[in-house]
Amino acid sequence: MNLVNDIQLHLYKKIKTEICDSVSYDIAGRNAIEVLTPFLDWKGAPVSFYITEDGKITDGGRILSQLKSLRAIEDFNNWPFRTSFFKQSCIEEIRGRLVPINDDPKNVLSYIQGITRLPNYFEPKPIYSTVDRYPDRVRSITIGALLPFAPSGFPEVERLRWASEFTKDRSIPLLNGIEVHSDMSPRRYFRIVQIISHATSGSTDKKQHVEAKILHPVLWKREEPKVEMYAIVETLDAYASESRALLRQESGGNIIETCESGADKEIARLLLEEPPVVASA
Amino acid sequence: MPKRDPPVELQPTVYEDWLLENPKMVDGGPVILEDDPDIEDDNAVILPSRHVNSAILPKDYADITIIFSQYSDFDGIQFYVVPNGFDYLIRADQTHHNGTFKTVEGYEYGDYPHFHELDYYRREWNGKKPGTRRRVSELLRENISPSDLLDAFMSYYYIHDGRTEPIQPPKKKGKQRGLDEFGK
């Protein structure tokens, strides 16, 4: 026989009271109340929902707003388990708000657990400078390395402008109407310089970025075999072996890793190198 | 976002230092609010999350500390600075409907925009969780717009995105430009 003893009953009642006492409400805007629950969300904060003055239960658009802000909304929209998760959690989406399918308390409990768990399934994708600013960093160190080679008679401002010209993008129109881009403007016209960034992005983004960068020299080479590609990268170690192999193959080994000392001088050299002299007939 | 590891706790002293740090940098380009085309409320804007760069927070926290927003129909917009798997460090609330609140300095406010800071020295919830303290900056005012709230939040906590001009509110139902172009 399994009788409940006093200790067990005491503990059970204490826990039950604690859980019930953890549910409270606050006044919210538009005559709604906000119900605070003991469940914790992805950042460890209590999850809440709203009851409107006409008795509707809703998250007020908060969950999807969070997913949008965390740039995870596309993952959510393409989530294959979305329908079954919503069904299991008694959640309905109505015009950007998550609401329970009805106000049956059991369903509402599933709904609360559902909205608590939902953001946990998706990775946030903050905007990182290491993705976006690496090209700027490369340009900055390159200008520094180029300045000593500026014509000595130039005033300081002109020297800076002279060096900056080499670090600007260059668009190359192809015969088939497509335009390809070089991230810098070397003296040798058929030299294309690609700055490979996105070192801290997700593996898929990184792979796609490398492929997109490789595409430009590949397209140009189809028209003009003497095109040579240079890749500037912080460190090859940050990329998958597949991407590294692609970079090595298409650049013919012309890869400059800026984590290495002397990389700035090497970039300056490839930009300043004069075009080969063509022998006249 | 998935918190497969249990929430972690920062050391109070580290957190205090973090708040005092000047400045914190927002990585990933200018901070711009974007309209939410799905919601017919002019205040329904969002801030796409950014990495907040801090030299003082331990690397494991600093690398994953982000600033982001959440909007609800009933409380307006809130901005958060959170390390991954942890409650917010600081927060900006557009409204406060639930009676009055007191700031650290002892001033009392009603429905007024304010900032929250986690307070490790004021224990609540049976000592399990840190309390919060509220602050009201001179930059805040009643019925503040989301962009002005964000502006005030960033100024008050020395969070910089490299710009000097104020954050511009999004044009009504117009798609903000600038983020996609940044860094290209």
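**Close-up 1. The buried residues of helix α8 in chain A.** In this predicted model, three residues of α8(A) are buried: A:Ala163, A:Phe166 and A:Thr167. Look down the axis of α8(A) and you'll find its buried residues within an arc of 105°, so they line one face of the helix. What covers them? Among the covering parts are α7 and α11 of chain A. Now flip to the face turned away from the buried side, and you meet the exposed residues A:Val157, A:Glu158 and A:Arg161. As for length, α8(A) runs over residues 156–167, which is 12 residues. From first C-alpha to last it reaches 17 Å, close to the 16 Å expected at 1.5 Å a residue.

**Close-up 2. Helix α7 crossing helix α11 in chain A.** Here are the two helices that help cover the buried residues of α8(A). The axes of α7(A) (residues 134–146) and α11(A) (residues 263–272) come within 8 Å and cross at roughly 75°. That crossing makes α7(A) roughly perpendicular to α11(A). On the α7(A) side, look for A:Ile141, A:Thr142, A:Gly144, A:Ala145 and A:Leu146; they meet A:Asp264, A:Lys265, A:Ile267, A:Ala268 and A:Leu271 of α11(A). Sort the residues of this contact by type and you get 6 nonpolar, 2 polar and 2 charged.

**Close-up 3. Where chain B touches chain A.** This view takes in 36 residues of chain B in contact with 37 residues of chain A. On the chain B side, β4 (50–53), β5 (66–72) and β6 (76–82) each chip in at least two residues. Which of them gives the most? That's β5(B), with 6 residues. By type, the chain B side splits into 15 nonpolar, 13 polar and 8 charged residues.

Key:
Residues are numbered from 1 along each chain as its sequence is written. Chains are lettered from A and ligands numbered from 1 in the order in which they are written. This is a predicted model: local features need pLDDT of at least 70, side-chain atom pairs count only at pLDDT 80 or more; totals for chains, interfaces and linings use all residues. Two residues are in contact if their C-beta atoms, placed from the backbone, lie within 7 Å. Helices (H or I, at least four residues) and strands (E, at least two) are DSSP runs, numbered from the N terminus. Ala, Val, Leu, Ile, Met, Phe, Trp, Tyr, Cys and Pro count as nonpolar, Asp, Glu, Lys and Arg as charged, and the others, Gly among them, as polar. Axes are lines fitted to C-alpha atoms, for helices over the stretch in contact, and angles run from 0 to 180 degrees between N-to-C directions. Angles under 35 degrees count as roughly parallel, over 145 as roughly antiparallel, 65 to 115 as roughly perpendicular and the rest as oblique. The expected span of a helix is 1.5 Å times one less than its number of residues. A residue is buried if 20 or more other C-beta atoms lie within 10 Å of its own, exposed if 12 or fewer, and partly exposed in between; C-beta atoms are placed from the backbone. The arc is that of the directions from the helix axis to the C-beta atoms.
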